[in-house]
Amino acid sequence: MVNNISILGSTGSIGTQALDVVDNRDNLKVSAITANTNIKVLEEQVRKYKPALAVVFDESKFSEFRSSVADTDTRVSAGMDGLIEAATFADADLVLNSVVGMVGLLPTLAAANAKKNIALANKETLVAGGSLVMKAVSDNGVSLYPVDSEHSAIFQCLQGSPSDKALKRLILTASGGPFFGKTAEELKNVTVEQALNHPNWDMGAKITIDSATMMNKGLEIIEASWLFDMPADRIDVVVHRESVIHSMIEYVDNSVIAQLGVPDMRIPIQYAITYPERFPSPVAQLSLTEYGKLTFFEPDYDTFKCLRACKEAIDRGGLCMAAANGANEVANRLFRERKISFLDIGDLVYEAMLNQENAEPKTVDDVLEADRTARELVAERAERL
Ligand code: MG
């Protein structure tokens, strides 16, 4: 049973919902928290949860943050060193990694090497460094619990599964985002505001744009292939607009098991923390009759080029996945800064993925290099757009 939790990315969407879960469980203590830049919320969290350690990743905010909590007993730190300190913090028996982006890779590896169980909400680290992360997890005998709703659903469906041989395929559900059913022509001039308007899930800006481009689902196919050791051709995506079925597994006898619930991340977050136990949660009960019907469609791999890029990246090899992810992190940000168009994101991710020589990473440096090259390619192309 988890008693002390370290939360990387505690001021973000997943982090604050994880603290809701903590509020609801008497025996849970927060030992370390980290934020990227939001030192105001981080300070409030220091005062409320009294962690032993608080870290601000953005070093330019460090001195302001340090003075703001100088009257508390919480020790403070900054930068990647601080993140790694929080990921390996002696008191913590579970590390929730909910930072956004590739920056989560080194802390995830550090946590595994420090023999910490990990609740992983940071899909980008598994996408970029999947083979290295899975090896660190198995070498150190630690558990990796998925927090992403689809992967938590599959993990829940797999409880009591007879053997690996019985599993035939994974069926990831996708909401389709705000632009489901649109043609490329219709997506030419979409605005940041339109892309940020997700039909079902209330999430951070980066993942909401990833959801609009369907890059999010592409990243999740890769994430699922690592977590459940499945080849890409045994992971299917079905667009399910209502986001009630969070994903499914199919056994060799063609029996399909699904996990359902209202779209609320606090179920998968809580399950990752309390596994294998279940407890009452602050989440609303599902009323199927209120929905009346659930719908399912094929995804459009031509219009949503990011999805295709991720599928092809799996076939081409590990570093191509890192390149696709790095390219997307930059393209996603440039779109939000209104420097490139919505459709440019898919084109740039696809180009950077193809530009990467297909190979498997041998070390973290290989991953960081592929990531950097992809980022540079996107930044350079964007200058000309
Ligand atoms: Mg998800």
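**Rings, sheets and a cavity**

Let's start with the aromatics: the structure holds eight aromatic pairs. Keep in mind as you look around that this is a predicted model.

Take Tyr145 and Tyr275 to begin with. Their ring centres sit 5.2 Å apart and their planes meet at 45°, so this pair is tilted. For that label, the planes have to fall between the stacked range, under 30 degrees, and the edge-to-face range, over 60. Now look at where the two residues come from. Tyr145 belongs to strand 7 (residues 144-146), while Tyr275 is in the loop between helix 12 (266-274) and helix 13 (288-291), so the pair ties together parts that are 130 residues apart in sequence. How do the two partners fare for solvent, buried or exposed or something in between? Tyr145 has a relative accessible area of 13%, so it goes down as buried. Tyr275, at 28%, is partly exposed. The cut-off behind that split is 20%: buried means under that value.

Tyr275 has another ring to talk to. With Phe155 it makes a tilted aromatic pair, 5.0 Å centre to centre and with 45° between the planes. This one links distant parts of the chain too: Phe155 is in helix 7 (residues 149-157), Tyr275 is in that loop between helix 12 and helix 13, and 120 residues separate them. Phe155 has a relative accessibility of 14%, so it counts as buried. Step back and you'll see that ring pairs link Tyr145, Phe155, Tyr271 and Tyr275 into a cluster.

Strand 7, the home of Tyr145, is a good way into the sheets. Seven strands form an open sheet with parallel pairing, in the order 4-3-2-1-5-6-7. Strand 4 (75-78) and strand 7 are its edges, each pairing on one side only. On average, neighbouring strands here are turned by 20° against each other, ignoring direction. What joins strand 7 to strand 6 (residues 117-120)? Three bridges do, and the two strands run parallel. If you want a spot to zoom in on, find Ile118, which stands opposite Leu144 in strand 7.

There's also an open sheet of four strands, ordered 9-8-10-11, and its pairing is mixed. Its edge strands are strand 9 (235-239) and strand 11 (256-260), each with pairing on one side only. The average turn between neighbouring strands of this sheet is 20°, direction ignored. In the middle of that order, strand 8 (residues 167-174) and strand 10 (residues 245-251) pair in the antiparallel sense over four bridges. Leu167 stands opposite Tyr251 in strand 10.

Next, the empty space. The structure holds two cavities of 30 Å³ or more, and the largest has a volume of about 60 Å³. Which helix gives the most to the lining of the largest cavity? That's helix 7, with four residues, and it is also the helix that carries Phe155. Helix 7 and helix 12 each supply at least two residues of this lining. Among the lining residues are Ser149, Ser152, Ala153 and Gln156, along with Trp201, His246 and Gln259. Others include Asp264, Ile267 and Pro268.

Before you close the viewer, check two spots where an arginine meets a ring. Arg25 lies over the face of Phe279, at 3.7 Å from the ring centre. Arg308 lies over the face of Tyr350, at 5.1 Å from the ring centre.

Notes:
Residues are numbered from 1 along each chain as its sequence is written. This is a predicted model: local features need pLDDT of at least 70, side-chain atom pairs count only at pLDDT 80 or more; totals for chains, interfaces and linings use all residues. Side-chain values use heavy atoms; hydrogens and water are left out. Two strands pair if DSSP finds at least two bridges between them. Axes are lines fitted to C-alpha atoms, for helices over the stretch in contact, and angles run from 0 to 180 degrees between N-to-C directions. Rings of Phe, Tyr and Trp (its six-membered ring) pair if their centres lie within 6.5 Å; planes under 30 degrees apart count as stacked, over 60 as edge-to-face and the rest as tilted. Buried means under 20% relative accessible area, exposed over 50%, partly exposed in between (1.4 Å probe, protein chains only). A charge sits over a ring if NZ of Lys or CZ of Arg is within 6 Å of the ring centre and within 35 degrees of the ring normal. On a 1 Å grid over the protein atoms alone, a cavity is a set of points where a 1.4 Å probe fits but cannot get out, and a pocket is an open set with protein on both sides within 12 Å along at least five of seven lines; lining residues have an atom within 4 Å of a point. Grid points are joined across faces, edges and corners, and a volume is the space filled by probe spheres set on the points.
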